[in-house]
Amino acid sequence: MSLFQVKRVSHFFGQKQVLRNIHFEVEKGRVLGIIGPNGSGKTTLIQAMSGLFDVDEGEILFQGKNITSYRKKELARKLAVMSQEGTPPLPFTVNEVVSMGRYPWLDFFTDLSVRDKDLVKKTLVQLDLWEKRFQQVATLSGGERQLVSLARAMVQDPVVLFLDEPTTYLDIGHQILVLEHIRKWHQEKEITIVMVLHDLNLAAQYCDELILIQDGKIESIGKVEEVLNVKEIERVYHTKPILVQHPIRKVPQILLQGQ
């Protein structure tokens, strides 16, 4: 059985339809990328898949059970979400924010166990945040706050990680840094990852499969090389690209040209 089954899902915000008959499955341990133009419904889709709201039509099954039938704490032990904004400039230390990822596993009025603290320390060391553990998040750069957000998701120890534009506002160095950590975590833990990406070249390099969405409906779904082709990109993004092959990863890469 697939880990996720998205069955004929449609959803409205007021009179506006934002998802239109969305239907696909996600296998355990895969990295699924969701791409598409601005306003195409990408964020709404992963919010629905993470159980944030019940959809108007269709259903979303997680491990064979409707996603909205889970208790919030039960769902928080299985799913972690890293939002587009990452960690806001909060008046908390790095250690405090990352430790929040263990809260779904704690009973009421209990503190972190030795195991919890060890996991937080291991994660901070792995992401090169240990020396900054007592520093307030508000004093960090945008890239460092993204790493803090990733660390908090990692210590949550989820089955599935949702990422909504994890590289937004980051320079190319921090983009690769964040995505390489995500790749390494995926390989070590064999977790399932669903992420929204604007950068099609990064999507090609870091995803197993892609879903291309436009106006709330799926235009194309499949392996990277099946979805990223000149015809589909030109039709959806209204620009004619030049496709080349990445010299190392052997996946499609997109060059843009003028009108």
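Hi everyone, this is a short talk about the two largest pockets in this structure. Please keep in mind that the model is predicted.

Let's start with the largest pocket. Its volume comes to about 640 Å³. There are 28 residues lining that pocket, and the closest to its centre are Ser50, Ala76, Leu79, Val81 and Gln156.

Which elements supply at least two residues each to that lining? On the helical side we have helix 1, covering 42–49, helix 2, covering 72–76, and helix 5, covering 142–155. Strand 6, at 79–82, and strand 7, at 160–164, do so too. Of the contributors, strand 6 gives the most, with four residues. For those of you thinking about chemistry, the lining of the largest pocket breaks down into 14 nonpolar, 10 polar and four charged residues.

Now to the second largest pocket, which holds about 260 Å³ of space. Its lining is made of 19 residues, and Asn38, Gly39, Ser40, Gly41 and Lys42 are the closest to the centre.

Where does the lining of this second pocket come from? Strand 2, running 16–26, and helix 1 each supply at least two residues. Strand 2 gives the most here, with four residues. By class, the second lining has three nonpolar, 10 polar and six charged residues.

One thing to look for on the screen is helix 1: it supplies at least two residues to the lining of the largest pocket, and at least two to the lining of the second largest pocket as well.

That's my tour, thanks for listening!

Definitions and conventions: Residues numbered from 1 in each chain as written. Predicted model: local features only at pLDDT ≥ 70, side-chain atom pairs only at ≥ 80, totals over all residues. Heavy atoms only, no water. 1 Å grid on protein atoms, 1.4 Å probe; cavity = no way out; pocket = protein on both sides within 12 Å on 5 of 7 lines; lining within 4 Å. Points joined across faces, edges and corners; volume = space filled by probe spheres on them. Nonpolar A, V, L, I, M, F, W, Y, C, P; charged D, E, K, R; others polar.
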